[in-house]
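Dear colleague,

I am passing on the structure we spoke about, and I would be glad if you could look through it with the notes below at hand.

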Amino acid sequence: MLKLIFNKQIIVSFILILSNSDLFSQITAGGNSILKFGESKNEFHYSEVLLNMNLSNDYLETWFQFEYSKPPEIGMSINGLRKFRIDYSDGPFELSVGDIYKIWGRGLILNQFDDQDVNLDNGYRGLSFSIIKDNYTIDLISGISNIHRISQDYWQNIDQESRKPNHLSKHSMFGSDLEFFQGPFSLGLSFLQSRENHPINNPITMMADSINVIHRINGLRAGYEGGRLASYLELSGKNTLLSQSESQIYKENFNPYNGFSLFGNINYYFQSQLLDGWSLTMEYKNYNTTKLNTSDKDNFVKNYDMNLIFTQPPTVLREHSSVFLARLIPQVNFSDEVGYQFSLVGPIMGIGYFTLNYQAASRTNLWGKTYPDTVNAILSTKWESDSAVTVLPFSEKSGLPYNELYLEMEGYIKNIRYQFGFGITNKIPEYHSSYNSGKNGVWDNGEAFDDLNGNNIYDIGENFTDLYSIVNEKIDNKTVTAITIPSLLNYNLGNGWSIDLKYEFQKIKSGTKYYNSLSSDEVFYDSNGNGVWDIAELFEDSNGDGIWNQAEETWYDLWQSGLIPDEQLYYYDTDGDGLFSEGEYFTDADGNGMWNPSENLIDEDGDEIWDDSEYLEDLNNDGVWTKSGVYEDRYQSNFYSNDSKSGLSIPEDFQNNHLISLGIGKSPYWSLSLTVESSSTYEYGPLKNSVVNPLESFLGNIIDLNNKWIALEFMVNINSNTRLDLMYGTQRGGIICSNGICRYVEPFDDGFKLALSTVF
Amino acid sequence: MIKNTIRIIYLLMFLSLGYSQEKIPNLRLKMLNGKYAKVNDFLKDGPMIIDFWATWCEPCKKQMKYLNIFNNHFKETGFKVLAVNTDTPKSMSKVKSYVRTKKFEFDVAVDPNSQVKKKMKVLQMPTTILVDKTGEIVFRHQGYLPGDEHDILQAIYGLMDKNNISYEKLDLNKNNKKQIKSGAEVDF
């Protein structure tokens, strides 16, 4: 039926009939288009055209959106009609057919939008009927929502560039919303049900599969709008059911959680003489609709009860226009997060407006790994949490805490608009825990034994059940701490001319903390009875140093393998004969000061490393025998610099980032800006080093280009309805977030972007 | 498939050529206080400016102080400014405090999932649309560069003159100075 309704030929016929009817006697038509094109040397290409067409009169409004892309900047390639909708309204009645986006309350139940920056379109195709009166509104919806998402947890069709979605969930949904208004008060009631077909990995076959899930959400909200005070509270309850017909393995694999979401805010406007113009805003969130351990926190594929992507409640986070601060905003988990925010804003003695904003958040539970004593931990550990509902965010690491303090002053001094900010950010984005355990090989009190002589005492030689008693604990967590200072100056020169100067500084510490401990010594088989763990693999000790030496490499070997660039050869080949000579650089692996050729090794376990030989139960997997105790409690930075002489990476605790943007504009015609971003260190992870472009080569005569991203942007208003944006250069990749949803963006190296937008 | 789509585009363009009048659709708007209004409700007394903005948009904020000046200066003529905020509901409570703290006197509507923005063909933030009393769009401006306020002011004068509405000329620099004395804005 829906397919019939949405057949394109029928739509065209519908428009033709209506265009000749009286309804269209006062028709207004128009539209807009956006053309986007980008090409870079790191193969980040896109080409897309988006065309919106609108027709409307007093009763009817139609909207058609066409897309032609190959490929788009992000998302699926589409060529043809992408979206359409026909809205009919008459007095208090509204009827819509097509692609519909609705918001009820603050989105704890339904908040639909098409956000192309993060490639999330959670609208539905179907019908909507509304009655809107002065003191109440009624909204009924029904339709199908096909939601495309990118997930590395779904093992099918993974796109290496993270641009093309690989997970499609289909929601057949219906619901209703009622809202009442009485003076300054409002009250709302909502119900929504979705029958979802959810793609999932089959835990046995590891192949693609899908399950049918039912989500039901009920909600209640209330608001008050007073002169000095405004407040709002919304509560929803969620219930997820796995269809009875689904295989038992999915029921065993994951048990859906039924929980609630709560959001509230209070705005207070000061009216005293001292604080005239000041306001205080407080927001609170407690999203408790699933329970996810820290390893599974973003895995909506397996944890199908968190896949209510059409619920998008408030983030309770400040949206920053600062580039560096925006990069630190965490991904909000709309199913499992508790937090608050307060913001104090007001004028200060005629010099500008001051803002103080503090926000904190964490998961709703603390998680830890547990296992039964005396059994193999690696097979029996599982995540467990305290099931109590928390009111305030945690500061413990397993709660993945986040907080940010931000201060800002903005205003005008003569023709200069200024804005200075200061932000301190702390967050623990990841937390991992694992246990391993082993047997100690001796009889301990409580262990069962065959009492061969019947003396009720364990005697040497009697068989016994050796229980697991040695425990290895490993915990690691990522940590980020940053200070950010954004600033902006805008000077109005008059006659339409203006200049902009934007400068941002950030000092950031990012890395991983490791904790590793062993409850008892590791056990080994003492083959020669000397009481110490002995090395086993045989080697031919050609240099007689008693240690097996790997082949040490000369500078010639390193140059051959490309590790030493040609332009640095003079530094290594000191006599210039093109060959390794005595006194020239080599990797002195054993530190004996002599270059050693490779010694022959009988590699018993085939790992190409010389290993100790006596049997070892290597619980911590470090390759050597280890005594009990905390033997690893260290921090590894995420940043490093390159030593120009050796080419080796040197860990750096801090990274200093700078962003300078200088712009000039002539109102209302054009503006031009040059943006230079620089970083003091490199970063482990998916970020790639920048390719030097001609613009950078030119600027390289003025500034050091190491680890910099430089781009030139030009905007011209061709006329009041047409605008052209051009960008040439390099842009740093990384995480971008929009309204609590984040995605990784590939760097854009030595390329250009064009965007032409037209309204007609 | 592509041929059909091209046919639809041609058809729509043909229709737009035949009937095109730059008229603002009489859309239903949700106001900041949660109640509803229609665009034509604001046109009863005179022309209006519809401005699309968001709290994260710095150029929008720069422009809004001038829109407030226009709203206050021309209100005797029936002229109004309607600012449509496009923040998502995720940051709605900050919108209220921003408007109150800045003491903006114009009406504010909210468009949290950008449906009004789409229907009014808005592509850039901010977008400023000047509409006469009959609902016809007489001026549209995308983005904001310092100095654009003078173009918007000229467009308002042009509309007032065309419709024979008497008004007092506005000196933006003088108005800024007046605001310092009242302490409402910091611009000296």
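What follows is a short account of a helix, a contact between chains and a sheet.

Please bear in mind throughout that this is a predicted model.

I begin with helix 2 of chain B, which covers residues 58-74 and so has 17 residues; at 1.5 Å a residue it should span 24 Å, and the 25 Å between its end C-alpha atoms agrees with that. The helix nevertheless bends by about 25 degrees at B:Met64, a residue that is itself among the buried ones. Because 12 of the 17 residues of helix 2 of chain B are buried, this helix is largely enclosed by the rest of the structure. Among the buried residues are B:Cys60, B:Tyr66, B:Leu67, B:Ile69, B:Phe70 and B:Phe74, and also B:Lys61 and B:Lys62.

Turning to the contact between the chains, chain A contributes 75 residues and chain B contributes 59 residues. On the side of chain A that touches chain B, the residues divide into 40 polar, 25 nonpolar and 10 charged.

Chain A also holds an open sheet of 3 strands, in the order 29-28-32, whose pairing is antiparallel. Strand 29 (649-652) and strand 32 (682-683) stand at its edges with a single partner strand each, so one side of each is left without a neighbour in the sheet. Strand 28 (residues 639-642) of chain A is joined to strand 32 of chain A by 2 bridges, and the two run antiparallel; here A:Phe639 stands opposite A:Glu683 of strand 32.

With kind regards

Key. Residues numbered from 1 in each chain as written. Chains lettered and ligands numbered in written order. Predicted model: local features only at pLDDT ≥ 70, side-chain atom pairs only at ≥ 80, totals over all residues. Helix = DSSP H or I, 4+ residues; strand = E, 2+ residues; numbered from the N terminus. Expected span 1.5 Å × (residues − 1). Bend = angle between axes of the 7 residues up to and from the residue. Buried ≥ 20, exposed ≤ 12 C-beta atoms within 10 Å, placed from the backbone. Contact = placed C-beta atoms within 7 Å. Nonpolar A, V, L, I, M, F, W, Y, C, P; charged D, E, K, R; others polar. Pairing = 2+ DSSP bridges.
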